[in-house]
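Here are a few short exercises to work through with the model open on your screen. Grab a coffee and try each task before reading its solution.

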Amino acid sequence: MLLHTRTWGEGDRVALLIHGIMADHRTWRRVGPALADRGYRVIAVDLRGHGLSGRGTYAPADFADDLAETLPAGADLAIGHSLGGLALALAAERLRPARTVYADPSWRLFDGRRHDPVALITAGNATRADIVAAHPRWSAVDVDTEVATRRLWDSRTAFGIKDLAHTDFTPDAPLAPTLVQLPGDGGLVTPAHAAALRGRGFATRTVPGTGHTMHRDDFGAFMACLDDWLGGQEAVEDTEDTEDTEARAGELTG
């Protein structure tokens with residue numbers, strides 16, 4: 001299905017933002033404008049069953065198919081958080097972003113954890129006080145946004161992604177320069193899994209003092225991590241471009 005989207009900015013470069021379960025595009029309310037200030041045209045989706053997008057079936061492949069149907073291929077940057085990281089990974093071959101960031105992706109949930117649909121549905125009914133207690137570092141705006149997004153969420157999603165309880169969705173290798181952001185206070189990616197990801201060619205960086213929703217626990221630290229990694233990637237590309245130019249010049253003079 002075609003998903004509801006929100007766009008910030010009019011830059012020449014395109015960035016894609018894909019949220020996690022129970023959220024919608026509003027979870028990126030600070031990240032979207034920040035990337036727009038950096039020259040991106042930022043497109044954030046509401047996954048099916050979330051926000052203003054349609055309802056339907058909720059297998060992992062459904063989320064990925066929607067992204068491929070809705071979003072432009074060849075974006076300069078794509079960021080997926082949690083369930084959004086799972087959907088983005090499954091759609092990566094079709095979307096082909098130049099750089100990819102997975103923020104604590106839900107690729108495997110059986111390393112001492114378990115996917116509990118009932119617990120998710122209970123969390124979906126949390127009160128404002130419950131959310132404040134669970135996320136003491138969040139601003140009042142983020143708390144109110146979370147209350148609103150959970151009320152719009154279709155709780156059947158929790159049962160549709162049942163395969164997460166026993167299936168490993170970890171990509172075999174990155175298809176482009178790829179960063180996996182890890183929360184400093186624990187998250188879905190265990191230390192052993194993070195080590196295995198590095199062995200497969202993924203970069204990993206920890207955002208200190210944050211939990212699963214890093215971009216709202218500490219927006220500044222999240223963006224600093226992102227900027228630092230992106231800056232490193234741009235430096236590598238500049239070096240490669242210079243080497244290619246010098247090599248071509250050498251061929252011409254030779």
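Before we start, one term: a pocket here is an open set of points on a 1 Å grid over the protein atoms alone, with protein on both sides within 12 Å along at least five of seven lines. Keep in mind too that this is a predicted model.

**Exercise 1. The smaller of two pockets**

Task: Work out what volume the second largest pocket has, and which elements line it.

Solution:
- Step 1. Start with the volume, which comes to about 360 Å³ for the second largest pocket.
- Step 2. Look at the lining: there are 20 residues, and A89, A92, E93, P171 and L175 are the ones nearest the centre.
- Step 3. Ask who contributes: α3 and β5 are the elements giving two or more residues to this lining. The largest share is from α3, with 6 residues.
- Step 4. Sort by class, and you get 13 nonpolar, 3 polar and 4 charged residues in the lining of the second largest pocket.

**Exercise 2. The largest pocket**

Task: Find which residues lie closest to the centre of the largest pocket, and which element gives the most to its lining.

Solution:
- Step 1. The largest pocket holds about 730 Å³ of space.
- Step 2. Its lining has 34 residues, and I21, M22, S82, L120 and H212 are the closest to the centre.
- Step 3. Four helices turn up with two or more lining residues each: α4 (117-124), α5 (128-134), α6 (140-152) and α9 (214-217). Of the elements, α4 gives the most, with 3 residues.
- Step 4. Split the lining of the largest pocket by class: 14 nonpolar, 12 polar and 8 charged.

**Exercise 3. The sheet**

Task: Trace the strand order in the open sheet, and explain why β1 and β7 each have one side without a neighbour.

Solution:
- Step 1. Walk across the 7 strands and you read β1-β3-β2-β4-β5-β6-β7, with mixed pairing.
- Step 2. Check the ends: β1 (5-8) and β7 (203-207) are at the edges with a single partner strand each, so one side of each has no neighbour in the sheet.
- Step 3. Now for the twist: on average, neighbouring strands are turned by 20° against each other, direction ignored.
- Step 4. Zoom in on β2 (residues 13-18) and β4 (residues 77-81), which pair in the parallel sense over 4 bridges. A15 has L77 in β4 as its bridge partner.
- Step 5. Finally, add helix α3 (residues 83-95), which packs on the sheet and touches β2, β4 and β5 (100-103). The direction of α3 makes about 135° with that of β4.

Note on methods: Residues are numbered from 1 along each chain as its sequence is written. This is a predicted model: local features need pLDDT of at least 70, side-chain atom pairs count only at pLDDT 80 or more; totals for chains, interfaces and linings use all residues. Side-chain values use heavy atoms; hydrogens and water are left out. Two strands pair if DSSP finds at least two bridges between them. Axes are lines fitted to C-alpha atoms, for helices over the stretch in contact, and angles run from 0 to 180 degrees between N-to-C directions. Contact means heavy atoms within 4.5 Å. On a 1 Å grid over the protein atoms alone, a cavity is a set of points where a 1.4 Å probe fits but cannot get out, and a pocket is an open set with protein on both sides within 12 Å along at least five of seven lines; lining residues have an atom within 4 Å of a point. Grid points are joined across faces, edges and corners, and a volume is the space filled by probe spheres set on the points. Ala, Val, Leu, Ile, Met, Phe, Trp, Tyr, Cys and Pro count as nonpolar, Asp, Glu, Lys and Arg as charged, and the others, Gly among them, as polar.
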